[in-house]
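Please find below a short note for a colleague who is new to this entry. The points are numbered for ease of reference.

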Amino acid sequence: EYTSWLTIEQFERYFRKNYTKDQYQHFIPVELPNKTIAITYFDNTSGDPSYDPLIKGLADMLISDLSGIESVNMVEREKLDAILKEIDLGESKFIDDATAQKMGQGLGAQYILTGSFIVMGDDFRIDARLVNVGNGEIVFSKAVDGNKESFFDIEKELAKEIISRLDLNVSNQLIQEWDKTGTKSLDALDNFADANKFVAAS
């Protein structure tokens with residue numbers, strides 16, 4: 001008779017997806033190591049400095065969303081700021097894959113997400129790359145298109161792509177919360193990013 005056995009990873013994934021930590025922590029015999037992810041600031045390729053608050057604002061939204069996942073450790077923004085001061089990116093501020101790998105190593109991250117965005121009229125586009133810091137390979141390169149009013153959905157689609165490609169353990173409840181809440185428009189996010197910038201400077 002054939003018997004199918006679950007690996008520890010499959011066992012943990014099932015409980016993390018369907019139960020809260022208080023409910024499942026007594027059933028998982030081994031605590032698997034979390035994956036550490038760094039998210040860099042996004043390059044504004046729009047040529048319009050009025051969208052500069054999104055350089056950090058978009059990264060902050062992704063960090064906030066992914067921080068709610070128990071199987072992930074997010075690199076703190078202060079550490080990213082510190083290492084950016086050590087690396088000369090030139091006038092373009094573009095982070096290539098080799099630089100991303102170097103930054104990830106300095107931050108102690110296993111994966112690092114870099115990217116850019118462009119706003120043309122009402123259209124909005126994010127281009128992102130997730131790099132494996134250990135070997136320099138690109139885990140994925142993705143372009144997400146939409147408009148100013150669907151910005152929140154665009155950001156969430158990118159967050160879900162990271163979850164999928166890294167096979168992260170995420171509860172159904174968290175995904176449902178994402179779909180219910182959040183800033184929908186780009187203009188509202190501008191205000192959010194401006195507020196964060198003010199707080200950081202104070």
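1. In helix H3, the buried residues are Pro53, Leu54, Gly57, Leu58, Ala59, Asp60, Met61, Leu62, Ile63, Asp65 and Leu66. Because 11 of the 14 residues of H3 are buried, the helix is largely enclosed by the rest of the structure. The model under discussion is predicted.

2. The length of H3 is consistent with its residue count. At 1.5 Å a residue, the 14 residues of this helix (residues 53–66) should span 20 Å, and the end C-alpha atoms are indeed 20 Å apart.

3. One partner of H3 is helix H6 (residues 151–165); the two axes come within 10 Å and cross at roughly 50°. An angle from 35 to 65 degrees counts as oblique, and H3 and H6 are therefore oblique to each other. The crossing of H3 past H6 is right-handed.

4. On the H3 side, this meeting involves Leu58, Met61, Leu62, Asp65 and Leu66. On the H6 side, the residues are Phe151, Phe152, Glu155, Lys156, Leu158, Ala159, Ile162 and Ile163. Leu58, Met61, Leu62, Asp65 and Leu66 also appear among the buried residues of H3.

5. As to the wider setting, the protein chain contains eight helices and six strands. Read from the N terminus, its elements follow the order α-α-β-β-α-β-α-α-β-β-β-α-α-α.

6. Of the 202 residues in the protein chain, 42% are buried. Among contacts between residues at least 6 apart in sequence, 62% join residues at least 24 apart. The chain exposes about 11400 Å², of which carbon and sulfur atoms supply 48%.

Definitions and conventions: Residues numbered from 1 in each chain as written. Predicted model: local features only at pLDDT ≥ 70, side-chain atom pairs only at ≥ 80, totals over all residues. Heavy atoms only, no water. Helix = DSSP H or I, 4+ residues; strand = E, 2+ residues; numbered from the N terminus. Expected span 1.5 Å × (residues − 1). Buried < 20%, exposed > 50% of the residue type's maximum accessible area, 1.4 Å probe, protein only. Contact = heavy atoms within 4.5 Å. Areas by Shrake-Rupley, 256 points an atom, 1.4 Å probe, with all protein chains shown as cover. Axes fitted to C-alpha atoms, helices over the stretch in contact; angles between N-to-C directions. Parallel < 35°, antiparallel > 145°, perpendicular 65-115°, else oblique. Left-handed = near helix turned anticlockwise from the far one by under 90°.
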